[in-house]
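Here is a short report on how a protein holds its ligand. Look at the structure first, then read on.

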Amino acid sequence: MKAVVLPRYGGAEELEVTDTPMPPRGPGEVLIRQRATSVNPVDWKIGSGAAAEVFPAELPLIPGWDAAGVITEVGSDVTDYQVGDEVFGYVRRPVAKWGTYAEYTTAEPWMIARKPASLDWDSAGALPLVGVTALQALDMVGVQEGDTVLVHAASGGVGTMAVQIAKARGARVIGTASARNHDYLRAFGAEPVEYGDGLLERLRRLVPDGPDAALDAAGGDAVAVSIAAGAAPDRVVSIVDPSVKEQGAHHFLMNVTTEDLQTLGGLTEARRLTVPIAETYPLDKAADAWRASQTGRTRGKLVLRIS
Ligand SMILES: NC(=O)c1ccc[n+]([C@@H]2O[C@H](COP(=O)([O-])OP(=O)(O)OC[C@H]3O[C@@H](n4cnc5c(N)ncnc54)[C@H](OP(=O)(O)O)[C@@H]3O)[C@@H](O)[C@H]2O)c1
């Protein structure tokens, strides 16, 4: 099969598009002919070797965890899927090795869900990691109707999902982004605010009583500013910085469930959630997609279209 392979730790320049063996599959797994996947910052963090303590890897490896495609084989222990089913999901393994930048990937049933017919393949391949992260982060800090929630890096992959899910729950949403992304956030019903020097003062003007909850997808002083602005520390979550626990805030690593994927799929069917695509690349151009992601300025998602 055609796949993007990282033979040694490094950056985008190390990625090779090549013919590889099919991924190994067990009786409890399905084989998926991929239609699309997406680039997430964690892919190149693992690729650099810098994340090896949290995400062990075995080189050479195929990067990527977002999956979307059609089931072509069903293991003998799998009862709930059939050949031909259209699915999407997040297929992280304990050791990064057989990722999703490839024509085929494998999944255990709990990692995937049926793709809603109305969800296009690019969106299905871009949604799982960021969508589940946003959902679980908002759950962790109890975001509900009537809350005011502050989302840091609101125009990125996770932020764009968090803004929409929080709005769907009936929350007021304040989102940090640079000025060029403010209209983008307004289109989702969020109130944009510029990050950087003076953020705390701008927040105090916008939300004098402070936000009820905050989600940090940016790092730096985002959690400290959220708390200084009035958010209770136990209603603040960072997906970037584990050290925020010292401030009484939460940090977590998302993990997929079929139920969360179904919730996201339901929101897309109800037109409460869309997956804005910044750019779509063929698999051959995965290195360009990594370079774009590494700028840290992506609006929405970067998709790798496979077929
Ligand atoms: N813990 C977990 O389970 C988990 C899960 C998913 C992601 N993550 C991590 O969460 C982070 C975000 O992921 P992502 O996929 O959303 O990234 P992304 O799509 O690459 O984020 C890009 C966005 O970040 C914004 N941004 C950059 N610096 C900012 C700052 N200082 N303040 C506010 N916004 C800023 C940019 O907006 P402008 O262009 O306007 O600057 C851009 O729209 C990454 O570090 C990722 O590894 C963790």
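## The shell around the ligand

The shell residues divide into 13 nonpolar, 9 polar and 3 charged. Here Ala, Val, Leu, Ile, Met, Phe, Trp, Tyr, Cys and Pro count as nonpolar, Asp, Glu, Lys and Arg as charged, and the others, Gly among them, as polar. In total, 25 residues surround the ligand, and Ser155, Ser178, Arg180, Tyr195 and Thr298 come nearest. A residue is near if one of its heavy atoms lies within 4 Å of the molecule.

This is a predicted model: local features need pLDDT of at least 70, side-chain atom pairs count only at pLDDT 80 or more, and totals for chains, interfaces and linings use all residues. Residues are numbered from 1 along each chain as its sequence is written, and side-chain values use heavy atoms, with hydrogens and water left out.

## Where the shell comes from

Helices H1 (41–48), H3 (128–140) and H4 (157–168) each supply at least two shell residues. Helices (H or I, at least four residues) and strands (E, at least two) are DSSP runs, numbered from the N terminus.

Domain 1 (2–127 + 275–305) and domain 2 (130–251) each give the shell at least three residues. Their bounds come from an automatic or database domain assignment.

## Polar contacts and burial

Which atoms of lysine 45 and the ligand lie 2.8 Å apart? A polar side-chain atom of lysine 45 and an oxygen atom of the ligand. A polar backbone atom of glycine 157 is also 2.8 Å from a ligand oxygen atom. For asparagine 181, a side-chain N or O atom is 2.8 Å from an oxygen atom of the ligand. Taken alone, the ligand exposes 930 Å², and the protein buries 85% of that. These areas come from the Shrake-Rupley method with a 1.4 Å probe.

## Two backbone details

A cis peptide bond joins leucine 59 and proline 60, with omega about -5°. Proline 60 is in strand S5 (residues 57–62).

Alanine 153 is not a glycine, yet has a positive phi of about 65°. Alanine 153 sits in the loop between strand S11 (148–152) and H4.

Conventions. A polar contact is a pair of N or O atoms within 3.5 Å; within protein, one must be able to donate a hydrogen and the other to accept it, and residues adjacent in sequence count only if both atoms are side-chain atoms.
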